[in-house]
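Colleague: Got a minute to go through this model with me? I'd like to hear the reasoning behind the labels.

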Amino acid sequence: MKNELIERFTSYVKVDTQSNENSETCPSTEGQWTLARMLVKELQSIGMQEVTIDENGYVMATLPPNTQKEVPTIGFLAHVDTATDFTGKNVNPQIVENYDGNEIVLNEALKVVMSPKDFPSLPEYKGHTLITTDGTTLLGADNKAGITEIMTAMAYLIKHPEIKHGKVRVAFTPDEEIGRGPHKFDVAAFNAKYAYTVDGGPLGELEYESFNAAGAKITIKGNNIHPGSAKDKMVNSMKIAMNLHSKLPIQEAPEHTEGYEGFFHLLQFNGDVELTKLHYIIRDHDMENFKARKALIENIVSEFKAKYGSDNINLELNDQYYNMGEKIKPVMEIVDIAHEAMVSLDIKPIVKPIRGGTDGSQLSYMGLPTPNIFTGGENFHGKFEFISVDNMIKATNTVIEIIKLTEQKA
Ligand SMILES: [Zn+2]
């Protein structure tokens, strides 16, 4: 399985599939079409059925059941695009066999070195086969490792008909990194009872809770007068903005929070005397706290409207996604199966809330409860991204084991 994983993975990462939030199309970039079409061919060639690609670049396929038993249809998803934070062009994967646990020189000429001093988890990979970048691009393990593992699990099950399973659906989707992954996902066509994204990080990650998320844009109008004659006339919108910001609890910010703690995050502050714009994101795992955070912003804005005139302060508050835990807890057996699958493979499950969102956050609210499992990669979205092939084998086996257990429990 090892060489099969390396071969698939290195061929996928060579396709530049970086998404682009300034593009209106779906997929947002041409490279995603290229990889999606490659995947269609490959799904057909390994023997998957009902292989489709729709007008928005969503690839779907079926592994037909090989049992008479009534088994719920489950799905596995991964995204074809890579992050916008760092270039994904000309990815040149490097294979480190039997890693010694020390520094890895990613790029001699540019002196890019990945060291256990900066990445304390590295020594845990001693003896593993690692795939790294050449220090000039991201790797794209997020999420091409997920695609590789799902594809390899399907190829394995097709070659091993003695393993009994129900119907399995797989999907490879565009534009996760720009938050649009589920927007055009056809839940009805996918037609699974539940699914897993294979889009997590290190070995054992199992996630079923995400943030509730909203964005708040506050626009403040001032009044710019020549400073020499401004007395009692000038209204400096930046100062109103600073005052407004100071009404928020300063400890409830990303730099002071972890675990289940929510926050207000000031993303952008653009202004001059005449006009200032504040852009916040609001995050909380707990729905009541989330509502309270939104109410706090609304109340502060109302106060400022009362003081400075309702035409001069404007708030645009929009929900972005919700904690998938709300939709997954009622079907907690799907998390339990993933947990049991990992334990039976001697993998220690690491269950923790995501301090962000995933495709699963939106899909779960679209009627497809979708927790997330690990891929085996680390340091996503940058030049230090790497993946352990040993852990890719474990992720592939986890997918296979989930499929087996679903049949056994039916
Ligand atoms: Zn991802």
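Modeller: Sure, we'll take the metal site, then the cores, then the cavity, and keep in mind that this is a predicted model.

Colleague: What makes His79, Asp142 and Asp199 donors of the zinc ion?

Modeller: The cut-off for zinc is 2.8 Å. His79 (NE2), Asp142 (OD) and Asp199 (OD), the last of these listed twice, sit at 1.9 to 2.7 Å, so they count as donors. Along the chain the spacing reads H-x62-D-x56-D. Asp142 is in helix H3 and Asp199 in strand S9, 57 residues apart, and both are buried.

Colleague: Why is the site of the zinc ion called irregular?

Modeller: Tetrahedral needs all angles between 85 and 135 degrees. Here the angles among the four donor atoms run from 52 to 146°, so tetrahedral is out. Square planar would need opposite donors over 155 degrees apart, and 146° is the top of the range, so the label is irregular.

Colleague: Which residues have the most contacts inside the largest nonpolar core?

Modeller: Phe76, Met154, Phe172 and Tyr196, in a core of 51 residues. Helix H3 gives the most to this core, with seven residues. Beyond its sequence neighbours, Met154 is in contact with residues including Ile46, Leu63, Val170 and Ile403. There's also a second, separate core of 19 residues, with Leu244 and Phe290 among them.

Colleague: How many cavities of 30 Å³ or more does the structure hold, and what lines the largest?

Modeller: One, with about 30 Å³ of space in the largest cavity. Its lining includes Val71, Lys167, Ile403 and Glu407, and helix H10 gives the most to that lining, with three residues.

How values were computed:
Residues are numbered from 1 along each chain as its sequence is written. This is a predicted model: local features need pLDDT of at least 70, side-chain atom pairs count only at pLDDT 80 or more; totals for chains, interfaces and linings use all residues. Side-chain values use heavy atoms; hydrogens and water are left out. A nonpolar core is a set of buried Ala, Val, Leu, Ile, Met, Phe, Trp, Tyr and Cys residues joined through side-chain atoms within 4.5 Å. Buried means under 20% relative accessible area, exposed over 50%, partly exposed in between (1.4 Å probe, protein chains only). Helices (H or I, at least four residues) and strands (E, at least two) are DSSP runs, numbered from the N terminus. Contact means heavy atoms within 4.5 Å. Donors are N, O and S atoms within 2.8 Å of the metal (3.2 Å for Na, K and Ca); water is not among the atoms, so sites may look incomplete. Four donors count as tetrahedral if all angles lie between 85 and 135 degrees; four count as square planar and six as octahedral if opposite donors are over 155 degrees apart and all others between 65 and 115; anything else is irregular. On a 1 Å grid over the protein atoms alone, a cavity is a set of points where a 1.4 Å probe fits but cannot get out, and a pocket is an open set with protein on both sides within 12 Å along at least five of seven lines; lining residues have an atom within 4 Å of a point. Grid points are joined across faces, edges and corners, and a volume is the space filled by probe spheres set on the points. Lists of a residue's contacts leave out its neighbours within four places in sequence.
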